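Colleague: Before the assignments are accepted, I should like to hear the reasoning behind them. Please set each value against its criterion.

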Amino acid sequence: IMTPQQHYLLVLVIALIGLICSGCLETNVDADTFLRNVAEKQANIENLTYTEIFTFHIGEETRTVEYDATLKTPDKFRRIERIGSIIRSETVSNGDIVWIYDPEVNILFIRNSTPSEKIPEPSIYALLTDNITEKYIIEDQDVGSLNSISVRKVKLSPRELDNEDMREYLIWIDSDSLIPLKLESYDKGNLMLTLEYQDYSINCITDDNEFTFAIPAGASVVYA
């Protein structure tokens, strides 16, 4: 017969085993389910900041473009495009008005937001939510680390091999937070695009003042 203290310890051990196993089940789900969980988590995010880095591989050359983004559902965002240290454009919306600024020519375009307009989201989610299981064979590649972060690596191979538009993808996703970290796109075995995410912060505190834009000095303003 167990004493009350022994019974309490047994219940505690069972509870701990349950927590551990639930974590194991999450990490051991099949690749299809894992990617669905990643997409569902993004759909439930209220606000988000991140840096998105595109590296285009063109022959022996590469070209890199960065985007710093802050999003707040349902309709507020700020997105800055950079090449190196140079800002190429800045787009801001407070849900009612959209400002698009080109600093190179110092022109600011201002227009009303449309009811069908969507806030930009990390580009990788367009791939993950676009009938992914119908278009691609999803395979687990590896469970390892990327920049000292535990990751799950998934491969997407096109089901229709004769379709010229269907590329092959490798995706690295944080195993714990389900945050995408890196994507590589291949065309007939050739690396075409590398997409990386940095400073990814979910449901951070954002001030609505971040989603307004002050007209720069001397800028030409065009109302669309």
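Modeller: A strand here is a DSSP run of E with at least two residues, numbered from the N terminus. Phe-109 lies in such a run, strand E6. Please note that this is a predicted model.

Colleague: What makes Phe-109 partly exposed?

Modeller: The relative accessible area of Phe-109 is 36%. Partly exposed covers values between the 20% limit for buried and the 50% limit for exposed, so Phe-109 is partly exposed.

Colleague: Which residues form a nonpolar patch on the surface with Phe-109?

Modeller: Ile-100 and Val-222 join Phe-109 in that patch, and together the three have about 210 Å² of accessible area. Membership requires over 30% relative accessible area, and Phe-109 has 36%.

Colleague: Why is Thr-194 called buried?

Modeller: Buried means under 20% relative accessible area. Thr-194 has 8%, and is therefore buried. Its place is in strand E11, residues 190–202.

Colleague: What makes the pairing of Thr-194 and His-57 a polar contact?

Modeller: A polar contact requires a pair of N or O atoms within 3.5 Å, one able to donate a hydrogen and the other to accept it. The side chains of Thr-194 and His-57 are joined by such a contact at 2.9 Å.

Colleague: Which other residues are in contact with Thr-194, leaving aside its neighbours within four places in sequence?

Modeller: Besides His-57, these are Ile-53, Phe-54, Thr-55, Lys-182, Leu-183 and Glu-184. Contact means heavy atoms within 4.5 Å.

Colleague: Why is Asn-147 called exposed, and why is Asn-106 called partly exposed?

Modeller: Asn-147 has a relative accessible area of 68%. Exposed means over 50%, so Asn-147 is exposed. Asn-106 has 21%; buried would require under 20%, so Asn-106 is partly exposed.

Colleague: What is notable in the backbone of these two residues?

Modeller: Phi of Asn-106 is near 55°, a positive value in a residue other than glycine. Phi of Asn-147 is likewise near 55° and positive. Asn-106 sits in the loop between strand E5 (97–102) and strand E6 (107–112), whereas Asn-147 is in the loop between strand E7 (136–146) and strand E8 (149–158).

Colleague: Which residues does a cis peptide bond join?

Modeller: Thr-73 and Pro-74, with omega about 5°. Pro-74 is found in the loop between strand E2 (61–72) and strand E3 (76–83).

Colleague: How many helices and strands does the protein have?

Modeller: The secondary structure comes to 4 helices and 12 strands. Of the 224 residues, 38% count as buried.

Terms used:
Residues are numbered from 1 along each chain as its sequence is written. This is a predicted model: local features need pLDDT of at least 70, side-chain atom pairs count only at pLDDT 80 or more; totals for chains, interfaces and linings use all residues. Side-chain values use heavy atoms; hydrogens and water are left out. Buried means under 20% relative accessible area, exposed over 50%, partly exposed in between (1.4 Å probe, protein chains only). Patches are made of residues with over 30% relative accessible area and no salt bridge: like charges are joined within 9 Å, nonpolar side chains (Val, Leu, Ile, Met, Phe, Trp, Tyr) within 5 Å. Accessible areas come from the Shrake-Rupley method with a 1.4 Å probe; for residues, only the protein chains shown count as cover. A salt bridge is a side-chain nitrogen of Lys or Arg within 4 Å of a carboxyl oxygen of Asp or Glu.
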